[in-house]
Amino acid sequence: MATFTATANSSSTIGYAQYGSTSWNTGTSNGACQGAYQGTTASKSRVGVMVFSGAGSTLKGKIITQIALKITCSSAGSSSTSKILSFRRANYQSLKTGITGSSQVGDSLGTLTGKFYGNTVTHTLNATTNAALFNAMKVYLAEGNSALV
């Protein structure tokens with residue numbers, strides 16, 4: 001079985017902006033990628049984008065049997081074990097920094113719940129573990145997409 005590995009951690013592959021802003025923070029040195037964090041108002045909400053270079057062309061039309069997401073989080077927010085990460089389709093397959101954060105947000109793919117605080121954790125998705133998110137993501141990736149919000 002073949003394996004494809006991609007990392008989103010450079011100024012052209014990871015970034016976030018306020019929901020209604022065109023001012024983007026990119027790369028690993030000056031910002032996190034906070035997938036669709038919702039504040040109390042739209043102006044405080046953030047949209048994070050991750051682009052996995054090469055994923056679209058490599059995975060298009062392939063049968064995907066497992067997806068492993070290795071997620072590194074800083075010590076921000078609470079250390080609750082029930083934090084939820086939301087994954088959405090991206091309206092663009094690149095980090096488009098000239099648009100508002102909200103313009104990048106597509107349909108929901110699903111969520112992961114876990115302890116995302118000051119650690120690195122790997123979540124393995126397949127037909128029996130996190131099946132709903134796995135099924136949505138495998139279809140999305142097999143369509144040739146390579147960006148997640």
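## A walk from Leu125 to Asn145

Start by selecting leucine 125: setting aside residues up to four places away in sequence, the residues that leucine 125 touches are Gln66, Ile67, Leu69, Leu112, Asn130, Leu133, Phe134 and Met137. Keep in mind as you look around that this is a predicted model.

**Into the core.** Next, colour Ile67, Leu69, Phe87, Leu112, Leu125, Met137 and Leu148. These residues have the most contacts inside the largest nonpolar core, which has 32 residues. To see where this core draws its residues from, highlight β1 (14–18), β3 (46–51), α1 (55–59), β4 (67–73), β5 (83–90), β6 (105–114), α2 (131–142) and β8 (147–148); each of these elements gives two or more residues to the core. Linger on α2, the element that gives the most, with 5 residues.

**Zoom out.** Now switch to a cartoon view of the whole protein. How many helices and strands does the protein have? There are 2 helices and 8 strands, and from the N terminus on they follow the order β-β-β-α-β-β-β-β-α-β. Of the 149 residues, 34% count as buried. If you turn on contacts between residues at least 6 apart in sequence, 69% of them join residues at least 24 apart. Try a surface view too: the accessible surface comes to about 8000 Å², and 48% of that belongs to carbon and sulfur atoms.

**Asparagine 130.** Go back to leucine 125 and pick one of the residues it touches, Asn130. You will find asparagine 130 in the loop between β7 (119–125) and α2. Check its backbone: phi is near 55°, a positive value in a residue other than glycine. Is asparagine 130 buried, partly exposed or exposed? Asparagine 130 counts as partly exposed, because its relative accessibility is 33%, between the 20% and 50% cut-offs.

**Asparagine 145.** For the last stop, move to the loop between α2 and β8 and select asparagine 145. Asparagine 145 has a relative accessible area of 14%, so it is buried; the limit for that is under 20%. Show its side chain and look for two polar partners. A polar atom of the asparagine 145 side chain lies 2.8 Å from the backbone oxygen of tyrosine 140, and the asparagine 145 side chain also makes a polar contact with the side chain of glutamate 143, at 3.2 Å. Finally, bring up the neighbours that asparagine 145 touches, leaving out residues up to four places away in sequence: Ala55, Gly56, Arg89, Gln93 and Tyr140.

Methods. Residues are numbered from 1 along each chain as its sequence is written. This is a predicted model: local features need pLDDT of at least 70, side-chain atom pairs count only at pLDDT 80 or more; totals for chains, interfaces and linings use all residues. Side-chain values use heavy atoms; hydrogens and water are left out. A nonpolar core is a set of buried Ala, Val, Leu, Ile, Met, Phe, Trp, Tyr and Cys residues joined through side-chain atoms within 4.5 Å. Buried means under 20% relative accessible area, exposed over 50%, partly exposed in between (1.4 Å probe, protein chains only). Helices (H or I, at least four residues) and strands (E, at least two) are DSSP runs, numbered from the N terminus. Contact means heavy atoms within 4.5 Å. A polar contact is a pair of N or O atoms within 3.5 Å; within protein, one must be able to donate a hydrogen and the other to accept it, and residues adjacent in sequence count only if both atoms are side-chain atoms. Accessible areas come from the Shrake-Rupley method with a 1.4 Å probe; for residues, only the protein chains shown count as cover.
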